[in-house]
Amino acid sequence: MIKYKKVRRQVEEIDKIQCNKCGNSCLINGHLYGLSVIVSGGYDSIHLNDLTDYKFELCEECLVKLFGEFTIPPDLIKHYCEKSISWKWKNE
Ligand SMILES: [Zn+2]
């Protein structure tokens, strides 16, 4: 027989996520909308510090603006769609 007891626990939940570029919130209904990454500068990195991690978040708006600056546009992979599509501004 297993008996259960009630306990109180303190949990951490995300309070806010701010875009490192514009400072706006990356949260919509408690979910991240945008990018949250850790990029590592490897040994002998030329532009990033050696063996250093860079953690940052970008909101969707800043992410789309960044995509627009790419020389080679990002590949788009649509969920539930087998045909390939190419990059374009959302409102084009
Ligand atoms: Zn932003």
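Visitor: I would like to begin with a single residue, so where along the chain is G23 found?

Guide: In this predicted model, G23 is found in the segment before β1, and a good habit is to place a residue among the strands and helices before asking about its surroundings.

Visitor: Is G23 buried or exposed?

Guide: The general idea is to count the other C-beta atoms within 10 Å, where a residue with 12 or fewer is called exposed. G23 has 9 such atoms, and therefore G23 is exposed.

Visitor: Which distance separates the C-alpha atoms of G23 and C59?

Guide: Although G23 and C59 are 36 residues apart along the chain, their C-alpha atoms are separated by 8.7 Å.

Visitor: How should I read the overall pattern of the protein chain?

Guide: One lists the elements in sequence order, which here gives β-β-β-β-α, that is, four strands and one helix. Of the 92 residues of the chain, 4% count as buried. Among contacts between residues at least 6 apart in sequence, 35% join residues at least 24 apart.

Visitor: In which strand is Y54 found, and which residues does Y54 touch?

Guide: Y54 is found in strand β4, and, leaving aside residues up to four places away in sequence, Y54 touches I38, V39 and L48. Taking V39 in particular, the C-alpha atoms of Y54 and V39 are 5.0 Å apart in space, while the two residues are 15 apart in sequence.

Visitor: Why is Y54 described as exposed?

Guide: Y54 has 12 other C-beta atoms within 10 Å, and because exposed residues are those with 12 or fewer, Y54 still counts as exposed.

Visitor: What is the general idea behind the sign of phi?

Guide: Most residues other than glycine have a negative phi, and so a positive value in such a residue is something to look up in the structure. Here N29 has a positive phi, near 50°, and L51, which is not a glycine either, has a positive phi of about 50°.

Visitor: Where are N29 and L51 placed?

Guide: N29 is in the loop between β1 (27-28) and β2 (31-32), whereas L51 is in the loop between β3 (34-41) and β4 (52-59).

Visitor: How many other C-beta atoms lie within 10 Å of N29, and how many of L51?

Guide: N29 has 5 of them and is therefore exposed, while L51 has 11 and is exposed as well.

Methods. Residues are numbered from 1 along each chain as its sequence is written. This is a predicted model: local features need pLDDT of at least 70, side-chain atom pairs count only at pLDDT 80 or more; totals for chains, interfaces and linings use all residues. Helices (H or I, at least four residues) and strands (E, at least two) are DSSP runs, numbered from the N terminus. A residue is buried if 20 or more other C-beta atoms lie within 10 Å of its own, exposed if 12 or fewer, and partly exposed in between; C-beta atoms are placed from the backbone. Two residues are in contact if their C-beta atoms, placed from the backbone, lie within 7 Å.
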